[in-house]
Each structure stands twice: as structure tokens, then as C-alpha cells.
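Biologist: I should like to understand how the descriptive terms used for a protein model are justified. May we go through them one at a time?

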Amino acid sequence: MKRLYIYGPPASGKTTLANSLAERYSITVPDLDACIVERTGCPIPQIFKDRGEAEFRRIEAETLVDTQAPVVALGGGTLLRAANRRFAEENGFVAVLDVDPETIAKRIEAQSGTRPLGNRAAERRVHYASFAHHVDSDTRILLPRTPRGKIAAPVSKSHMHRLLIADFLAGGDAWKKPACGECADIEATRRCIGALSAHSGELDCGESGSTLRFMAPLAAALGIKANFIRRGRLAERPMIDYSRLEAGRHELRGDVSSQFVTGLLFALPLLDDDSEIVFTTPLQSRGYVDMTLDVIRRYGIEVKETEHGFFVFGEQCYRSPGAFEPEGDWSGAAFWYAANALGAEVDVSGVSESSRQPDAVVQKLIARIVNGEGEVDISGCPDLFPALAVVAAATPRETKFVNAARLRIKESDRIEAMEKALAAFGVGTWSTDDSVTVIGTDAPFAPCEIDSANDHRIAMAAAVASIRADGPVLIHGAGCVAKSYPGFFDELSRLVRA
């Protein structure tokens, strides 16, 4: 397995990162400078003074070769010597810490014993920039470890969105009571309900497609002229103009997003006359619509299913059933089930087999992939694709995911993002507009760096894949998991220490 070499300018945080990895993985992370001091019995400045830089570099090179560990923190100039660099890159994975020069200068000023670069700073910047792999404050470094232990699934954001809105429409105040560690999408829905409650026209949806598509028709039904703030890729995703919402016939494509259906099902009962939702193409992700129907019916709303959609009675009132019990999240749990397919031993609790969540099929689909059934239809559960693609990558046969077109309009183009991620791991794929074929392997995945594309599910899928890697995996933009599962990496760290 390739070891990880942590490298970068003096005061860039190499020791801090090394200590963090040592704690996270319960390992010893040697610091090369400390190893040199132990080897010679002399402080490094004293070696420079008494023996000169050439002798120090000779000792440093010998120590580099002799230091065997999964992770090693290097001195700020260790790899200036060509032979040292060649050794490190052939035998390990060098990750350079990117820290702006101003921050480094402040740290050097505050730390005694740290040698400033002086007039060599520009030369060193070129040196550090020449390495392939870099780490910033939002990069997560994972080592190949097998997660073991028990995990409670996070709260289902799909169910929670719906419960919060229905409770608000019934006059409840659950939206005022956020839970600790709640995901960013639920924070967005709470924020927007608060704006509606205050009759404010400024609704900040963050990057939550559910929040935007639920709130837009609802605001119109409540007579609030709203400006919806859309962040990240949300501004590019499909949306319907709900500046006005009237009772009557509403035609919708069923193959773009079920969230449009849910938004209307929440809003149309509030209008002064009856309405009909008519699908012009077959409805996909039906489970999410069924979840919405379950919630609004619990809150006293009457909706009838028709041959081509739904009939919604007007002038209805939401009435609280009393209980407010969000389900556990199958979408989040899916990554632990995928990890189990790669050899992990994670016992997942808090999810119900009887759930309406479309992603509750994850274990059945994993079994199909592992058993070599060849083709998986993800039209009803597109959010499972990143996790399932990793399972397919670790299964030595081809798996074709069909009816995948909607993956192009998620938080990222998930087909493209997963193809790039799997390619970095050394796994082949090929795709059309509507399908993706993963060419699985039983070989270890390559150490690599992954661009999360600011997509929470891509970041978590890459983390699962790291279990099978033959060395460290760097996930850039890892903080995006806060969108749906803020505690994911903390849970992973706990499970790999178990």
C-alpha cells in the first residue's frame, strides 16, 4: 500500500494535519524532522551550524528512506532534492498543503524555531506547485480502512421537508425547533418557512431543490410575492414559474422531478377551487410522491388519484395529527450498505423496510449488482446511483444503469462526476445520455484525488470507494456533505477506529 507523504512550506500545518490523521486512524505519524533529531541526537539548527546544509540533506535522505509508516510528515524542503522526490513519488503519494503566503508569514512570526523562506519564497512556491496532489482546508484525506460498528441513520431530509411544511400549514411551530447537526437542506426549509410566517418575500433556498420547488407554489398559494435566492448549481436546475398559481388544470412532465408534483400537492388544497394535476409523461420517483400523499393525508388533506394524475379538492385546511416523527434516511444509509458490499461490517439502524422512501430498495439493488444481474433501472431512485456505482466498480463484471438521464440535472452532472471519480480510482465506464455502464474490477482501487463537484453524494461515494483503495484518497470539497449528512465523515472516522 502506498504511504502518504504530507508536504508543504514551513508553517503550512503539516504537523497539525499529521496529528489529526494519527488520532483519526489510531496510528503513529512520524515527523521527518523529529526522526532526524532522534537519529542524530542534535537539533536541526545545530546540524546546519556544525555540519552544513549538504550534510543535513544527506542525513535527511537516509532518514526518508528508513522511515516506514502509513503517513509521514516531511520537512518543508525535503523533496527539493531530486532523488528524495523520486523516492517519495515512486513509493508513496505526496500531498502538498496549500496555504496562502500571508497566513504562513503570520504563523512563522508567531512560532519560534520555524525557518522563514526569505528570498527563496518565490522559488519554493514554484516547487510546491509542481506536485500533482494538493490539499486545502476543504479536502478530506482518507486512508484505506474497513469501517466496523453500529450506525444510526440520519433523519430523512425528504420526510422532514414534508413534515415541517405540513405542520406549518396546520399552524404548528416545529419549524422553530431545529435539531443539533441538522443538514443544510432542512435548514433552508426552516428558513423559508420562517420567511413565509413573517410574510416576507425573500426566501433563501440555499442549494436545496426540494425547498425551492416546494416553496414556490406554496408562496403563490399563500398570496406572497416571493424572491427565491438560489445558490450553487440550484440556479441552473429546472424550475417552473409560479409567480401566479390558480386553481384548475396543471400539466406536468413526470420525468423531470417529482418535487414539482409535491409542491403542487402542498399548495393546491389552499386555493378556492378544485384542481387537477395531469402528467404528460410517465411519473418517475413515484415513491417521493407517495410519501407526500401520506403526509398531507395525515394532515387532513383529500386528494384522489386519476388515470393521468391527481384530483385535488380546493378550500381545504391542514389539521395536525399531533405526532411529529420523521423517518430515518435510506439515502444516507445507502452509503453504509454500499460500504458493506465492499467488505465493511456496519450495522445500520433507524430505517424502516415499510418506508415510502424510494431509496429503501438499496439493499435489493446492491444484491442484484453483486449477483451479476447486469442491468439496474434507477428511474425511481436516482439518488442511489453514486453509491451503487461504487458497488458496481468493486464487482468484477459490467453493470449497466439505465433510465439515468435525470442524473445530469442534479447537484452536479452525476454521470460525468462519477465517471471522473471512477476513472481516478482506475475503474472504466462508458455512458450515453440515458445510461452508464461501470466495468467493475476485483483489483484494489488506485490512490487518487477526487473532485466532489460540490455534490454531497459524490463525496460520500468517493469515501466509500476509499475502502478498496491501495493508498490515500483525497476528496476535494468534502464539506458539501453538510447538504444532507453533516456527520458523515465523523461517523466514518469513528467506524474505522472501531
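**Reasoning from values to terms**

Modeller: Let us begin with pairing: strands S1 and S2 (residues 71-73) are joined in the parallel sense by 3 bridges. Please bear in mind that this is a predicted model.

Biologist: Why are S1 and S2 said to pair?

Modeller: Two strands pair if there are at least two bridges between them. S1 and S2 have 3 bridges, so the term applies. Within this pairing, isoleucine 6 stands opposite alanine 73 in S2.

Biologist: What makes S1 and S3 a pair, and in which sense do they run?

Modeller: There are 5 bridges between S1 and strand S3 (residues 92-97), and the two run parallel. The requirement is at least two bridges, so S1 and S3 pair as well. Here tyrosine 7 is found opposite valine 96 of S3.

Biologist: Why is strand S1 called largely enclosed?

Modeller: In S1 (residues 3-7), 5 of the 5 residues are buried, so the rest of the structure largely encloses this strand. Arg3, Tyr5 and Tyr7 point one way, Leu4 and Ile6 point the other way, and all are buried. In a regular strand, side chains alternate between the two faces of the sheet.

Biologist: How do you know that tyrosine 7 and tyrosine 128 form an edge-to-face pair?

Modeller: By the rule applied here, the model has 14 aromatic pairs. For tyrosine 7 and tyrosine 128, the centres are 5.4 Å apart and the planes are at 70°. The centres must lie within 6.5 Å and the planes must be over 60 degrees apart, so this pair is edge-to-face. The pair links distant parts of the chain, since tyrosine 7 is in strand S1 and tyrosine 128 is in helix H6 (residues 121-129), 121 residues apart. Both tyrosine 7 and tyrosine 128 are buried.

Biologist: What makes the pair of phenylalanine 335 and phenylalanine 488 edge-to-face?

Modeller: The ring centres of phenylalanine 335 and phenylalanine 488 are 6.4 Å apart and the planes are at 70°, so the pair is edge-to-face. This pair too links distant parts of the chain: phenylalanine 335 belongs to helix H12 and phenylalanine 488 to helix H17 (residues 488-497), 153 residues apart. Both of these phenylalanines are buried. Ring pairs also join Phe335, Trp336, Tyr485, Phe488 and Phe489 into a cluster.

Biologist: Why is arginine 85 said to lie over the face of phenylalanine 131?

Modeller: Arginine 85 is at 3.7 Å from the ring centre of phenylalanine 131 and lies over its face. The distance limit is 6 Å, so the value of 3.7 Å satisfies it. The charged end of arginine 468 likewise sits over the ring of phenylalanine 445, 5.3 Å from its centre.

Biologist: How do you know that cysteine 192 and cysteine 205 are not bonded?

Modeller: The structure holds 0 disulfides. Cysteine 192 is in none, and its nearest cysteine sulfur, in cysteine 205, is 4.0 Å away. A disulfide requires sulfur atoms within 2.5 Å, so 4.0 Å is too far for a bond. Cysteine 192 is buried at 0% relative accessibility, and cysteine 205 is buried at 0% as well.

Biologist: Why is arginine 190 called buried?

Modeller: Arginine 190 has a relative accessible area of 7%; buried means under 20%, so the term holds. This residue lies in helix H8 (residues 184-197). Beyond its neighbours within four places in sequence, its contacts include Met160, Trp175 and Glu182.

Biologist: What makes aspartate 241 exposed?

Modeller: The relative accessible area of aspartate 241 is 60%; exposed means over 50%, so aspartate 241 is exposed. Its place is in the loop between strand S8 (227-229) and strand S9 (249-252). The side chain of aspartate 241 reaches the backbone nitrogen of serine 243 at 2.9 Å.

Biologist: What is notable about the phi of serine 26?

Modeller: Serine 26 has a positive phi of about 55° although it is not a glycine. Serine 26 lies in the loop between helix H1 (14-25) and helix H2 (32-40), and with a relative accessible area of 55% it is exposed.

Conventions. Residues numbered from 1 in each chain as written. Predicted model: local features only at pLDDT ≥ 70, side-chain atom pairs only at ≥ 80, totals over all residues. Heavy atoms only, no water. Buried < 20%, exposed > 50% of the residue type's maximum accessible area, 1.4 Å probe, protein only. Helix = DSSP H or I, 4+ residues; strand = E, 2+ residues; numbered from the N terminus. Polar contact = N/O pair within 3.5 Å; in protein donor to acceptor, adjacent residues only side chain to side chain. Contact = heavy atoms within 4.5 Å. Phe/Tyr/Trp six-rings, centres within 6.5 Å; stacked < 30°, edge-to-face > 60°. Lys NZ or Arg CZ within 6 Å of the ring centre and 35° of its normal.
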